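Biologist: I'd like to learn how to read ring contacts and cysteines in a model. Could you walk me through them?

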Amino acid sequence: MLVAVGTNTEVVVGDGDRMVAASCPAGPAFEGGLIEYGMPGYDGAIESVQFVDGAFHYSTIGGMEPQGICGSGLIDLLAELRRHDRMTPKGVFADKAYEFSIVPERGIRFTREDASNLAQAKAANFCGQFIVLRHLGIDPEAVDHLFLAGGFANYVDVENAIEIGFLAPVPGERISKVGNAAVQGAREVLLSRARRAAVERMVTGIEHLELETTPDFFEVFVEGCQFKPMPAVLSQATL
């Protein structure tokens, strides 16, 4: 299984006989877009978050003063809010609050609107993985290896990503982060005619699955909007 995370997330699953691919329009939320204090993974971006004794603790890229929150930090934040019952699976904040103050002295906050935008971006990732795996009749625990690609995905806490349903619940020891695989692949086909020919042969055998044509796409998307793990047994999932 390959999951390449970005503004568009690509999912490819192979079972030895077939390969099925889908593209998920995840949008820019986990890259900092549409999030009030979201930002790319630059110096000063909050890259990891923990909620301890009623307060948020964080680390920033480069050890700089916090400027905002990047994708890996947003995934940690969502997982911590769920883990400590500060947010429901549907994104409702505890005590009906509108916002959480993450860095009070710098005014950095996380709002209900931010959570809503992240829920929709996460749902797109959820749909792609869920529908492709189900299409092949494969449950997440049966995946031998998941390659996680993409710039910010390289820094994601896998356990937290699974906890909020951003990634299929593949056992952690079977997940490998491979960085910016698109650039590496482009480099290889530019430098090797044999590699390019091999890729051209391989892609002719990949089945493209258009997610929106799935009969229960809307139900899967709504389920994916919730901040909870993907079902472990997809054939028996009740949406």
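Modeller: Gladly; we will take the aromatic rings and then the cysteines, bearing in mind that this is a predicted model.

Biologist: How many aromatic pairs does the structure hold?

Modeller: There are seven aromatic pairs. One of them joins F51 and F56, a tilted pair with 4.8 Å centre to centre and 55 degrees between the planes. Both of these residues, F51 and F56, are buried.

Biologist: Which aromatic cluster do F51 and F56 belong to?

Modeller: They share one aromatic cluster with F93, F100 and F110.

Biologist: And what kind of pair do F217 and F221 form?

Modeller: A tilted one, with centres 6.1 Å apart and planes at 35 degrees. The two residues sit four apart in helix α6 (residues 217-224), so about one helical turn separates F217 from F221.

Biologist: Are F217 and F221 buried or partly exposed?

Modeller: Burial here means under 20% relative accessible area. F217 has 25% relative accessibility, so F217 counts as partly exposed. F221, at 22%, counts as partly exposed too.

Biologist: Now the cysteines. How many disulfides does a search of the whole structure find?

Modeller: Zero. The idea is to look at sulfur-to-sulfur distance: a disulfide needs two cysteine sulfur atoms within 2.5 Å. For C24, the closest cysteine sulfur is in C127, 7.6 Å away, which is too far for a bond.

Biologist: Is C24 buried or exposed?

Modeller: C24 is buried, with a relative accessible area of 0%. C70 also counts as buried, at 6% relative accessibility.

Methods. Residues are numbered from 1 along each chain as its sequence is written. This is a predicted model: local features need pLDDT of at least 70, side-chain atom pairs count only at pLDDT 80 or more; totals for chains, interfaces and linings use all residues. Side-chain values use heavy atoms; hydrogens and water are left out. Rings of Phe, Tyr and Trp (its six-membered ring) pair if their centres lie within 6.5 Å; planes under 30 degrees apart count as stacked, over 60 as edge-to-face and the rest as tilted. Buried means under 20% relative accessible area, exposed over 50%, partly exposed in between (1.4 Å probe, protein chains only).
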